[in-house]
Amino acid sequence: MMQENSSCCHNQKDSHNPPPSDPDAVYTCPMHPEVEQIGPGSCPKCGMALEPLVSDGQENHELKDMTKRFFLAAIFTVPLFIISMGDLLPGQPISKLLSPSWKVMLELILATPVCLYSAWPFYVRGVQSIKLKHLNMFTLIGLGVSVAYSYSVVAALVPDWFPKTFKDVHGHVPVYFEAAGVIVMLILLGQVLELRARGKTGEAIRKLLGMAAKSARIVLENGNEEDIALEKVKIGDRLRVRPGEKIPVDGIVIDGKSSIDESMITGEPIPIEKNIGDHVVGATLNGTGSLIMEAQKVGADTLLSRIIHMVGEAQRSRAPIQKMADIVSGYFVPAVILIAMVTFIVWAKYGPDPSMTYAIINAVAVLIIACPCALGLATPMSIMVSTGRGAMHGVLFKNAEAIEVMRKVNTLVVDKTGTLTEGKPKMMQVQAYGSFDEATLLQLVASLEKGSEHPLAEAIVRGAKDKHIDFVDVTDFQSVTGKGVVGRIHNQEIALGNKALMDHNGISLGHIMSKVESLQSQGQTVMFISVDQTLAGFVGVADPIKETSLDAIEAIHKQGLEVVMLTGDNKKTAEAVAKKLGIDRVIAEVLPEEKVEAVKNLQNQGKIVAMAGDGINDAPALAQANVGIAMGTGTDIAIESADITLVKGDLRGVVRARKLSKATMANIKQNLFFAFIYNSAGVPIASGVLYPFFGILLSPMIAALAMSLSSFSVIINSLRLKKVKL
């Protein structure tokens with residue numbers, strides 16, 4: 001929570017807001033996400049109703065309250081408007097029914113519940129804005145309505161208090177009850193429409209929340225099965241998933257096989273075959289087979305929970321472009337109040353009779369039409385819709401800045417293993433030299449790699465198990481960053497790694513390099529083995545290229561991006577993969593810290609760099625890039641370091657992210673344009689600059705309608721992002 005705001009926010013609970021269904025729920029402002037508090041209320045900066053950080057699908061109490069106030073306002077305002085404006089009809093029917101004094105009194109009676117009860121939240125928020133020195137839209141609304149209503153009350157009850165400058169040709173002091181009433185009704189209508197539309201921006205999170213399974217079927221040690229609440233599932237539990245059921249939590253298949261619909265996390269409709277040993281994701285839908293799975297991640301650690309958290313965080317973040325709107329809004333409200341004062345003075349001094357009436361009504365019109373709500377909503381509404389839209393297609397933005405920068409990227413740097421390739425390499429070949437045979441060599445290598453989590457190490461261990469090789473104990477194990485591993489077995493020093501490790505140990509490879517280079521040109525990664533400083537052989541491992549990588553690279557090229565492969569693997573192996581995929585440039589045999597330098601060098605050449613990777617060794621480069629993109633199938637550290645996560649590790653998500661970035665920024669600019677143009681044009685017209693030339697004045701009622709519709713139009717424009725083709 002932002003402590004600087006929480007102290008003032010705790011005092012902002014509106015009296016008309018009912019208690020939340022969850023008393024500990026945290027609420028935030030859609031325009032000022034740094035503002036957070038326990039329970040509902042209004043934002044101390046802009047006065048808008050706070051919303052839950054995470055929607056629980058409960059009834060929107062703010063919407064319910066505003067709807068009730070709107071309908072009451074409509075019931076009283078419609079007859080008020082008819083009584084006030086009825087004499088514009090032929091024959092002046094209202095004057096035939098009511099005397100002037102009765103007409104004014106009836107208007108007072110009808111306007112009072114509207115201006116006191118229906119408009120009450122506007123006054124409360126307006127007063128708060130003045131107390132906290134954060135002038136906002138409710139400052140202007142509160143001033144405008146209270147001035148029009150108070151003036152009319154005094155004019156109705158004690159008209160003799162007013163001098164001649166306030167009276168019309170018949171000696172009556174004009175009242176503006178209908179203006180005050182209609183303003184309140186229209187602003188409430190705008191609030192209702194806005195709250196309903198804003199509710200739709202949180203649809204993505206509500207859909208994600210609704211995807212979770214409600215229970216799980218646990219397989220007990222005695223073989224019995226029973227249904228338990230999802231919250232009671234623990235890591236290590238064995239769970240039965242029957243045909244057509246949702247996978248309850250993240251885990252691994254330990255028995256059975258089936259096809260799983262993973263469209264909720266990938267956007268791809270084709271089911272994925274799952275067999276023993278394959279990972280399954282909570283909330284995905286099981287097909288026709290029956291599975292037993294072991295729970296590996298539960299509660300907040302599941303992929304679905306992490307997606308919901310990341311989407312929520314991104315929706316509440318602020319894009320750099322928002323700073324412009326904030327700066328304008330900060331000066332705008334005081335400037336409008338000043339313009340309203342100048343309008344009042346000019347009309348009072350130079351306006352036609354009754355000049356004071358013209359002065360008041362035009363000043364009120366300025367206050368009402370200038371409300372900067374549309375300006376404040378322009379950016380956050382687009383960001384909320386965009387992040388939700390991305391999440392439904394497997395693209396998670398960490399923050400709004402990533403959305404803004406992604407469209408500018410012109411260079412994509414990609415890691416090889418796990419990003420372009422499956423990240424599940426297979427041992428292809430073991431070559432022994434000297435006194436060593438293949439089985440002995442494989443036993444030494446697999447035993448050494450058994451404690452490593454590197455994909456290449458896992459491939460060697462799997463290959464040894466397939467050949468029924470027994471493992472032996474290793475001592476003094478040590479990982480040499482970017483080069484390989486060393487350890488002792490049977491009191492012999494074993495080293496396994498790349499050419500750099502062999503060179504470091506002074507071991508010559510000249511006589512075998514021609515064969516090694518031949519394997520590397522086929523895309524194999526070759527690791528050398530030495531025993532007591534003597535070359536003992538090598539292991540060849542191949543990592544299959546992902547089926548989607550070629551399509552992804554072609555689509556990325558169509559977006560106009562240069563693609564650079566950045567890998568610690570051997571140059572010939574990397575070039576073989578790059579050739580198959582049509583990658584523009586290869587930077588190979590780099591250590592993790594050198595990956596950062598490579599990204600910096602590209603940036604120094606004036607390139608806007610996005611970096612895609614999945615491993616711990618990629619994390620520093622992901623953080624250095626203008627936009628870091630993590631494969632969702634990779635390590636948690638890589639995901640934490642990145643700005644964008646591709647849930648299923650499919651590089652085609654880069655294209656989706658870029659399309660969404662472009663569409664979002666275009667949408668924000670449209671919103672800001674509408675808001676700026678509307679306010680820039682509306683204020684001068686409301687102040688009466690056109691009156692001397694064309695005799696045009698803007699009624700406060702029309703100003704209220706225009707203000708409400710401007711905010712609503714910004715939200716509707718933002719919601720168009722839900723239809724962007726990705």
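Among contacts in the protein chain between residues at least 6 apart in sequence, what percentage join residues at least 24 apart? The share is 68%.

## Overall composition

The structure is a predicted model. Its protein chain has 726 residues, of which 53% count as buried. The secondary structure of the protein chain comprises 26 helices and 25 strands.

The accessible surface of the protein chain amounts to about 31800 Å². Carbon and sulfur atoms account for 58% of that surface.

## The sheet from β5 to β10

An open sheet of 6 strands, paired in the antiparallel sense, follows the order β5-β4-β6-β12-β7-β10. Its edges are formed by β5 (225–229) and β10 (279–280); each has a single partner strand, so one side of each is left without a neighbour in the sheet.

At the β10 edge, the pairing is with strand β7 (residues 250–256). These two strands run antiparallel and are joined over 2 bridges. Within this region, I252 stands opposite H279, a residue of β10.

## The sheet from β15 to β16

Another open sheet of 6 strands has the order β15-β20-β19-β18-β17-β16, again with antiparallel pairing. Here β15 (426–432) and β16 occupy the edges, and each has a single partner strand, so one side of each is left without a neighbour in the sheet. From one strand to the next, the twist averages 15 degrees.

Helix α18 (residues 513–520) packs on this sheet, where it touches β15, β19 and β20. The direction of helix α18 makes about 145 degrees with that of β19.

## Strand β17 and its two partners

On one side, strand β17 (residues 484–489) pairs with strand β16 (residues 475–480) in the antiparallel sense over 4 bridges. Across this pairing, S479 stands opposite V485 of β17, and Q478 stands opposite V486 of β17. The hairpin of β16 and β17 has 3 residues between the strands, and G482 in that hairpin takes a positive phi near 75 degrees.

Strand β17 is also joined to strand β18 (residues 492–497), by 6 bridges and with the two strands running antiparallel. In this pairing R488 faces E493 of β18, the two residues standing opposite each other. How does the burial of β17 bear on its setting, and how many of its 6 residues are buried? The number is 5, so β17 is largely enclosed by the rest of the structure.

## The turn at H490

The hairpin of β17 and β18 has 2 residues between the strands. H490 lies in the loop between β17 and β18. The phi of H490 is near 50 degrees, a positive value in a residue other than glycine. Is H490 buried or exposed? H490 is exposed, with a relative accessible area of 58%.

## Strands β19 and β20 and the loop at D532

Strand β19 (residues 524–531) and strand β20 (residues 534–542) run antiparallel and are joined by 8 bridges. One bridge in this pairing places I529 with its partner G537 in β20.

The loop between β19 and β20 contains D532. Although D532 is not a glycine, it has a positive phi of about 50 degrees. D532 is partly exposed, and its relative accessible area is 39%.

## A nonpolar surface patch

Which residues make the nonpolar surface patch of about 530 Å²? The patch is made by L338, M341, V342, V346 and Y350. Of these residues, M341 has its place in helix α11, which spans residues 322–350.

## Summary

The description of this predicted model rests on a few main elements. The antiparallel sheet ordered β5-β4-β6-β12-β7-β10 is open and has 6 strands, and β7 meets β10 in it through 2 bridges. The open sheet ordered β15-β20-β19-β18-β17-β16 likewise has 6 strands, and helix α18 packs on it. Positive phi values occur at G482 in the hairpin of β16 and β17, at H490 in the turn of the hairpin of β17 and β18, and at D532. The surface also carries the nonpolar patch that includes M341.

How values were computed:
Residues are numbered from 1 along each chain as its sequence is written. This is a predicted model: local features need pLDDT of at least 70, side-chain atom pairs count only at pLDDT 80 or more; totals for chains, interfaces and linings use all residues. Side-chain values use heavy atoms; hydrogens and water are left out. Patches are made of residues with over 30% relative accessible area and no salt bridge: like charges are joined within 9 Å, nonpolar side chains (Val, Leu, Ile, Met, Phe, Trp, Tyr) within 5 Å. Accessible areas come from the Shrake-Rupley method with a 1.4 Å probe; for residues, only the protein chains shown count as cover. A salt bridge is a side-chain nitrogen of Lys or Arg within 4 Å of a carboxyl oxygen of Asp or Glu. Two strands pair if DSSP finds at least two bridges between them. Axes are lines fitted to C-alpha atoms, for helices over the stretch in contact, and angles run from 0 to 180 degrees between N-to-C directions. Contact means heavy atoms within 4.5 Å. Buried means under 20% relative accessible area, exposed over 50%, partly exposed in between (1.4 Å probe, protein chains only).
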